[in-house]
Amino acid sequence: MRNRALPGFGLSLGVTLAWLGGIVLLPLAALAWKSASLGPATWWAQVSTRRVLHALSLSFGGALAAAVIDMLLGLLLAWVLVRHRFPLRRLCDALVDLPFALPTAVAGIALTALYAPEGWIGRWLQPLGVQVAYTRLGVLLAMVFVGLPFVVRTLQPVLESLEREPEEAALTLGAGPWQRFRRVLLPMLAPTLLTGFALALARAVGEYGSVIYISGNLPMRTEIVPLLIVQKLDSGGDTGPAAVLGAVMLAASLLVLLAVNALQRWNRRWTEAG
Amino acid sequence: MGITIDGLARRYGAFAALERVSLDIADGEFVALLGPSGSGKTTLLRILAGLDDPDEGRVRRDGEDLLALDARERHVGLVFQHYALFAHMTVADNVAFGLRVRPRSQRPARREIAARVAELLKRVQLEGYERRYPAQLSGGQRQRVALARALAIEPSLLLLDEPFGALDAQVRVALRGWLRDLQRSLGLTTVLVTHDQEEALEMADRVVVMNRGRIEQIGTPAQIYREPATPFVHDFIGRSNRLDGYVEHGRLLLSGYALQGELPMMLDDRAVSAWLRPEQVTLAPRGEAGWPARITRLQVAGSAVRVALTLAGQGAQIEAEWSEEEVSRHALAEGSAVTVQLRTLTLFAEGREPSRHVFRPRHDTMVPLTQAAGATVDIGPWLHRKL
């Protein structure tokens, strides 16, 4: 490795390690340390309550479902923004980023106002028997909302730089629109889609601000783990129980992301030459 | 199957990519579309493939309207410059693609597909590579996979878009001969798009030279080289010298000399451009008249020597190509004075009635225009030239 683009390998490595160590690993290590100092019995007592188990399943189940929806919706959005030309395309493009910039609490309150039974959208859904605010559907909606930009923004540059020729080759070989999408385009996009999925998933798992407003936080029904953690912190001086829940979330998130990563590597097996 | 292209036009906004292009391609013929970039050759190819639509014109294949068919239904095999292989599929899956996407009723059985793939890979000499991915192949191998993939659908027309453009020079030359033989043995009507004249002249039965969306000339490789129909073709194909001249009283006034020879009446009093290839500039045999010149540069290129000359008269620069043997026999060096003959000049008169005329000057009667030196003559109503 002679000609390096960035000068000072030592310096850049140092900055990288300091960043990872000080800003990412240190707080996580403190969390692990704190929770590890509690005995297994405390752990079990904290995690095995029905309320916590329920919140865990909602947090991860909801996040997985939201990430899947984001992946599909994001693919559609990115596709339209990249491959089609229509009036106000640039404006739409800019709007995609809004969930990034909006304080999540604002997003949560706005969504609640819209989907509450008397809200602008909620009043039309109410007669259909669909209630969004204060239900698990609402939790899902908030999670989808905050995760969508991740998928769109990871896909967009890849779609833009994608060669058109393989699609044209497929066309001349007799493939129909669906076959071209399914057999040619989707495999080329799959690694990027998975990256977007992982990002949206991570975001949804950690989401707090917007969810707590729309969910109504009904124990055993619409309560997410981050909320439980905050409650445990608020309820007393001891940070132990909160640390346990935090550690559980951390471990579960890590496992899910590792799984996505493995899937991604398997998916990219054809790019490795040799 | 024969292809008849009639009056094709394609515009992109104000830019005319194709202007009324007509061309007949015989069954089993290998036609090369040759031209610089932007000449419209790729546009024509994409229209034939169904990837682009013309604004005007028709294309018929054995009487059937090709343009009415969707690209999917045309049975046209297309090979791209950058292979356009499906990177996520193995070699065998790439080749089988065109068979697998057929509607269920027309799809061959799994075993038939496998047999067909094996046969095609044998044909393109890639047996044993079935399970590799494109990223694990060399450029030449990838292009052969692309060819096998295109052949799998048993196309009635094969289109090659700069197929060797991304390959090393050596691989390119080897693949050329191989592809030519393959095309002959299949008897497949083939259109090759290229900007490489060597490729076109070597592979094609007929060459179509294109420029700015128009066809400049259609002919066999020999015709294209020996009898260029337009100044563009003369300039584009091979190496060329161009001299500007004027025809007056049955003489060609060229760079300070008056040359006699057969000149048609219609060229009288017209400005012409005179073109000749370096090999048509020869040393005058001993005792024969010729044009005095001085060698300004000698460049040995293998058995041939490229010689830059300054002609007496107005000092026009031209290039000749002589054999190494000839150069050493006459002990020629830079600075040597020589007498040369211009064997054959192709004259093009442009303007209202473009015309082409082959002129063989008589060197024994050529005279310098010394008496008129310094005077100006009118070359056309717009141009004054000093003789």
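This is a short talk on a predicted model with two protein chains, A and B.

Hi everyone, a few ground rules before we look around. Residues are numbered from 1 along each chain as its sequence is written, and chains are lettered from A, with ligands numbered from 1, in the order in which they are written. As the model is predicted, local features need pLDDT of at least 70 and side-chain atom pairs count only at pLDDT 80 or more, while totals for chains, interfaces and linings use all residues; side-chain values use heavy atoms, with hydrogens and water left out.

Let's start with chain A. What is its secondary structure? The program finds 13 helices and 0 strands. Here helices are DSSP runs of H or I with at least four residues, strands are runs of E with at least two, and both are numbered from the N terminus. So if you walk along chain A from the N terminus, every element you meet is α. Its C-alpha atoms fill a box of roughly 65 × 65 × 30 Å along the principal axes.

Now chain B, where there are 9 helices and 24 strands. The box for its C-alpha atoms is roughly 85 × 50 × 30 Å, again along the principal axes.

How much of each chain is buried? That word means under 20% relative accessible area, with exposed over 50% and partly exposed in between, using a 1.4 Å probe and protein chains only. In chain A, 41% of the 274 residues count as buried; in chain B, 50% of 387 do.

Next, the surface, computed by the Shrake-Rupley method with a 1.4 Å probe, where only the protein chains shown count as cover for residues. Chain A has an accessible surface of about 15,100 Å², and carbon and sulfur atoms hold 70% of that. For chain B the figure is about 18,000 Å², with 46% from carbon and sulfur.

A word on contacts, meaning heavy atoms within 4.5 Å. Take those with a separation of 6 or more in chain A: 75% come from residues 24 or more positions apart. In chain B, 66% of the contacts between residues at least 6 apart join residues at least 24 apart.

Finally, let's zoom in on helix H1 of chain B, residues 41–49. Why is it largely enclosed by the rest of the structure? Because 7 of its 9 residues are buried. Among them are Leu44(B), Leu45(B), Ile47(B) and Leu48(B). Right after H1(B) comes Gly50(B), with a positive phi near 90°.

Thanks for listening!
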